[in-house]
Amino acid sequence: MYLKNALRAATALTVAATASAHAQSLTIATVNNGDMIRMQGYTDQFTEQTGIEVEWVTLEENVLRQRVTTDITTKGGQFDIMTIGMYETPIWGANGWLVPLTGLSDDYDVDDILPAMRNGLSHDGTLYAAPFYGESSMVMYRTDLMEAAGLEMPDAPTWEFIREAAAAMTDRDNDINGICLRGKAGWGEGGAFITVTGNSFGARWFDEDWKAQFDQPQWKEALSFFVDMMAESGPAGYATNGFNENLSLFQQGKCGMWIDATVAASFVTNPSDSTVADKVGFALAPNKDGVDRRANWLWAWALAIPAGTQQEAEAKQFIEWATSKAYIELVAANEGWANVPPGARTSLYETAEYQAVPFAQKTLDSINAADPTNPTVDPVPYVGIQFVAIPEFAGIATQVSQEFSAVYAGQQSVDEALAKAQAITTEEMEAAGY
Amino acid sequence: MARAVTANRKMINTAIAWAVGLLIFFPILWTILTSFKTEAQAIASPPIFLGFDWTLENYSIVQERSDYMRFLWNSVIIAGGSTLLGIIIAVPAAWSMAFVPSKRTKDILLWMLSTKMLPAVGVLYPIYLLFINLGLLDSRFGLVMVIMLINLPIIVWMLYTYFREIPGEILEAARMDGATLKEEILYVLTPMAVPGIASTVLLNFILAWNEAFWTLNLTAVDAAPLTAFIASYSSPEGLFFAKLSAASTMAIAPILILGWFSQKQLVRGLTFGAVK
């Protein structure tokens, strides 16, 4: 009897152990932002539906970028899904490091993904990452201060208007800065902003022969305009301000205008965090009068599968779930339409409830106004608006943005910074064989 | 002859010492205070020092979102394991360098220290590839080995300095009394160097606890320690300073408590041999 019970127990344990060994588990590397954290909260529902467990590795954006780059280039196999952006996706897809997202189910409706997002996350027409949320950039402004200044914000302002409005709204005695913009060094911080500003003045990073263009008059005009406007109406120490610093200033009522990621609209209109939640208006990012390009970028955080994962089918299943219409509806039902991940699907912007969200239409207009294949006036050999989709760009742009930040901090002149930017870019591109 | 110190002078010195101490501690104090604020209060300008509505909400969110105990346990194993292993290797090495030096001992010591001058990122890819081939990625054992090797030069240097303060004649006397090498190190040298060994252990435990390059790059889920726990609350797009502060406070609390209770040994060890 004792032996029989022991055998039964051993069999049961073996079955349990085998079952647990066969339990599928996906490891997902992701960034720490509101939408991604919200998704982690709903993962249990995915597990309930599919039986697939999910382990999250959440890291700060720059750490994540280094971590997943190391892993994918060495075929480390630590992750089944990676959260990557529009910069990495086409490069990694071209290198064969990502699994093409083909054969997705009909229910998923891949054609519903916003065309700008789909193009930006594809290489040679093949989608390599599914957008979880997308963003462009736009003007967020204080309606009360604009009114007090006796001005009216057009839907599509020019830089000249922005400068005039910024000066009119600036009130140094009450610590109100007419305009808050990114000046922090880093290709994804101040580097991104000055690049799109350059685009809106007709400047470009490279000509068709990959020659650096910082010695051209458009760059001098763009950088000088930016520096002069910020000196007149920007906050002190803006050379070290990035997204978070400006968000903090705007939420505390210390900025008349802020031009930055469309995703910030939900933060500045959230009454629990923002002191000016009910006084915010939106407009398209500006351009120089007469230049047919605006200072708006295009970005998406997207889910991709590294080549070599042992769980490709399960990973695809998760991506379909997380970037589906059904997921958007799930979030909307639980947390309201203002909190759904924006900028990824066309159908979201056709939903009546979402159209009532104050920043929805301007976000869509900003995304649609962005064209990564024609980012500036003159033709360019690259894809990307606030970046150039080549592996060398991150390193070069970080150095260049450091030179520009030194101008913002008053440590060197515009001419000196542009000369250094030209030299750095030329040297690095020649070394890379361009 | 001891220098006479007036009461006034003593008071000024004490005040200066407290001021310097508070200045050094202020960032930690600010982190702790911020962890009890709302996100809006955390970014308020001018900053609010004490007059805010204290809340435990951030701790509850952090606790709900992350498995703190798993990260803590990994930190304890990685920091404790690497320190222990380092001491086991470093004691005989430092003994040999302190009591039976060769003409190359100084060069070896300098060479060991020079490895600390190499930026870690310079060897990230070789180590990562090595870890892939050995199946050590995201393993506590792999982390223990790497962090032990990183801190080993410091451990050897510190122990070497302490051992040099112990008269060689005492060890010689033990040898004459018939002590073996093992007995000499274990029963004669080690008890005399306890303050030095204790401070070495503490300092290296703290260094290993705070190590954030290798622990972030070589782990994912299973072996991720508290440094990964903090990193998961840092964000360049979104203001989560109060939650980040709560996560930081939870991460530094164990080491802060350990440091508080062992400060006597730490100070004694660090000043060991300073006054003759």
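**View 1. Chain A comes in two domains, each stitched together from two stretches of sequence.** Domain 1 of chain A covers 2-135 + 299-355, and domain 2 covers 137-296 + 391-431. Keep in mind that this is a predicted model. Taken over C-alpha atoms, the centres of domain 1 and domain 2 of chain A sit 33 Å apart. Where the two domains of chain A meet, domain 1 puts in 6 residues and domain 2 puts in 5. On the domain 1 side of that contact, the split by class is 3 nonpolar, 2 polar and 1 charged.

**View 2. Here's an open sheet of 4 strands in chain A.** Reading across, the order is S8-S9-S7-S10, and the pairing is mixed. Which strands stand at the edges? Those are S8 (177-180) and S10 (280-284) of chain A; each has a single partner strand, so one side of each goes without a neighbour in the sheet. Going from one strand to the next, the twist averages 20 degrees.

**View 3. Zooming in on that sheet, we get the pairing of strands S7 and S9 of chain A.** S7 spans residues 137-142 and S9 spans residues 255-261. In what sense do S7 and S9 pair, and over how many bridges? The two run antiparallel, joined over 5 bridges. For a residue-level landmark, look for A:Val139, which stands opposite A:Ile259 in S9(A).

**View 4. This one is centred on A:Ile319, a residue of helix H12 in chain A.** The helix itself takes in residues 312-322. Is A:Ile319 buried or exposed? The call is buried, because 24 other C-beta atoms lie within 10 Å of its own, and the cut-off for that label is 20 or more. Leaving aside residues up to four places away in sequence, A:Ile319 touches A:Ile81, A:Ala130 and A:Leu303. There's also a long hop in sequence to point out: A:Ile28 is 291 residues away from A:Ile319 along the chain, yet their C-alpha atoms are separated by 11 Å.

**View 5. Last up is the contact between chain A and chain B.** Chain A brings 26 residues to this contact and chain B brings 24. Which elements of chain A each supply at least two residues to the side touching chain B? Strand S2 (53-59), helix H3 (61-73) and helix H10 (243-251) of chain A each do. Sorted by class, the chain A side has 8 nonpolar, 13 polar and 5 charged residues.

Definitions and conventions
Residues are numbered from 1 along each chain as its sequence is written. Chains are lettered from A and ligands numbered from 1 in the order in which they are written. This is a predicted model: local features need pLDDT of at least 70, side-chain atom pairs count only at pLDDT 80 or more; totals for chains, interfaces and linings use all residues. Two strands pair if DSSP finds at least two bridges between them. Axes are lines fitted to C-alpha atoms, for helices over the stretch in contact, and angles run from 0 to 180 degrees between N-to-C directions. Two residues are in contact if their C-beta atoms, placed from the backbone, lie within 7 Å. Ala, Val, Leu, Ile, Met, Phe, Trp, Tyr, Cys and Pro count as nonpolar, Asp, Glu, Lys and Arg as charged, and the others, Gly among them, as polar. A residue is buried if 20 or more other C-beta atoms lie within 10 Å of its own, exposed if 12 or fewer, and partly exposed in between; C-beta atoms are placed from the backbone. Domain bounds come from an automatic or database domain assignment.
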